[in-house]
Amino acid sequence: MEEPPQTTPPDQHRLREIELDVRTQDVEINMGPQHPATHGVLRVLLRADGEILVGAESHLGYLHRCAEKIGENVDYIQYMPYTDRYDYLSSMNNNLSYSLAVEKLLGVEVPKRGQYLRTILAELNRIASHLVAVGTYGIDIGAFTPFFYALREREFLLDLFEKICGARLTYSYIRPGGVMNDAPAGWLNKVAEFCDIFDQKWPEYWNLLVQNKIFIERTANVGVMPAQTAIDWGCTGPMLRGSGVDWDLRRDQPYLVYDQLDFKVIVGEGYRGTLGDCFDRNFVRMYEMLESIKMVRQCLAAIEEGEVSHPDVSLTIRPAPGEAYVGIENPRGELGHYVVSDGTKIAKRMRCRAPSFVNLSVVEHTLPGCMLADAAAIIGATDIVIGETDR
Amino acid sequence: MEAPKRDTAWGPMEVHFQAAREAHAALQEAGLEVELHQPNLPIFAEEGEAKRLAKKKADEPHEWRGDAFLLLKDRERLLEALSLIREQLAFQQIVDVTAVDFDAEDSVLWGVYQVLSLTKKARLTLKVHLPKDDCRVASAVSVYPGADWHERESGEMYGITYEGHPDPRNILLPDDWVGYPLRKDYEFPEEYHGISCV
């Protein structure tokens, strides 16, 4: 990496002094619920003093679908498709978190091949999700073209998912007890092919979007969140790592086969500005994609023939009484499922701890003091999916 | 610190059991009345057990599996317990605040707090019982700011009053919604502002 040129942080106090010379009135601006930069039906009420934000308030609930209530009324397998629809950009990870929680209550461990397939799919899904995150972020701040580049690689991934489970967005592929079916013949070779293609294409995103001068100007030193704030507010995923906290559930609470894989946890380092700014969050996402490719390659090398599902788990599931919380590293952060069972077919509580919901709650506190034009950049860098915040 | 050993495909279990035992001892030492509940079934089921359970309900309902948790007896001392967990036991991050209505017949709701330690790499679950006819508990926001939206959500869904919460409005539901949807005795409305719900 070349030595990054440092840009100086804008002098907020001086800007405010100029503003205070004039008699002004705070203006309330309604951003959303149908605003392209809120990535869904989120409404943010902004309060601006001239060009500087003095307050922000999120209004959620436009996409609330009562998923948790539904979870207390349908049986365990019937609930599977609802998990797909939380964070529709990373359905594999949602399925995985839910399945692991149910398996914890069942006390069954998926056979090795099933675990490797799950890991490969979770990582491929992470790449697909980060591609959309970084691509749409480009649109938010005025770069339209990189999004189409991102969709090109994502298309390859969606074709891979379609080949293995028939669906392109809501997979329901990973399910309690294992996976839906074994990979079709030649599928793993296709995955290897994707890894090679992606390695070649990655520098395109890096050079075209992230190293672009306009991108850097719009993101460096913008929306800075100190590490302590990120920890206090429960931020996880790239939001937490972008602030320089070295924490990744795949390494620190290893599930599936992550303990056998060799990978680096990407942490923001203030590459272009202050540590914890919008640039760092995208920096983390960009390099995480390369780490995911590395993990997929290792899984491809280690995967062996065998069963993919546990023979004891059928369509009727009656887990032992008890409660289980499993949190996994979703592309957006810690996705947790908290399942309470009383030994019957239907759960007593089906809680989903959504990373977007928590990551969004801190944005209200990051926005005041920033420029109005940066609101879209800061909300975009949080990478929220409304299906998950509202559930 | 060393990464915890992975002992199951769904993550380390022994680390969390250990953390629950340590927290139990520390809280008791501070004079708080806490019960430690540990699952009494082995982590892994015997071969064929899941299949057998699927056909027939388990005979012994007192046998259970999953995570261990701590139950705080006195809800008035919740903040004391949470501050101790954060400051002394180094659980820096709140992961989730939620509630459980286990049965419509029960007289209590469970308030559930999931915390995570970034240094010990462990999780801890703290529970507190809230009587349904007097459903209030101190807000955890002063100890863990991240509890803010979680408390707003479980407040509107279960009708829990989080005392001292800075902004206790509804978050996912409309402001004029009647009833607490996640309670087991909730009755679905017939219509909402002229929109039929049936």
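In this predicted model, strand β7 (residues 333-341) of chain A is largely enclosed by the rest of the structure, because nine of its nine residues are buried. Strand β6 (residues 322-330) of chain A pairs with β7(A) in the antiparallel sense, over nine bridges. Two residues lie between β6(A) and β7(A), and the two strands form a hairpin. Within this pairing, A:S341 of β7(A) stands opposite A:G322.

β7(A) also pairs with strand β8 (residues 349-353) of chain A, again in the antiparallel sense, here over five bridges. One of the contacts between these strands joins A:H337 to its bridge partner A:C352 in β8(A). In a regular strand, side chains alternate between the two faces of the sheet.

A:C352 leads to the question of disulfides. This cysteine is buried, with a relative accessible area of 0%. The closest cysteine sulfur to that of A:C352 belongs to A:C66 and is 14 Å away, which is too far for a bond. A:C370 is in no disulfide either, since the nearest cysteine sulfur, that of A:C278, is 8.0 Å away, whereas a disulfide requires two sulfur atoms within 2.5 Å. A:C370 likewise counts as buried, at 10% relative accessibility. Over all chains, the count of disulfides is zero.

The surface offers a further feature. A:F144, A:F148 and A:L151 form a nonpolar patch there, and together they have about 300 Å² of accessible area. Of these residues, A:L151 is located in helix α6 (residues 145-165) of chain A. A:L151 is partly exposed, its relative accessible area being 30%.

Notes. Residues are numbered from 1 along each chain as its sequence is written. Chains are lettered from A and ligands numbered from 1 in the order in which they are written. This is a predicted model: local features need pLDDT of at least 70, side-chain atom pairs count only at pLDDT 80 or more; totals for chains, interfaces and linings use all residues. Side-chain values use heavy atoms; hydrogens and water are left out. Patches are made of residues with over 30% relative accessible area and no salt bridge: like charges are joined within 9 Å, nonpolar side chains (Val, Leu, Ile, Met, Phe, Trp, Tyr) within 5 Å. Accessible areas come from the Shrake-Rupley method with a 1.4 Å probe; for residues, only the protein chains shown count as cover. A salt bridge is a side-chain nitrogen of Lys or Arg within 4 Å of a carboxyl oxygen of Asp or Glu. Helices (H or I, at least four residues) and strands (E, at least two) are DSSP runs, numbered from the N terminus. Buried means under 20% relative accessible area, exposed over 50%, partly exposed in between (1.4 Å probe, protein chains only). Two strands pair if DSSP finds at least two bridges between them.
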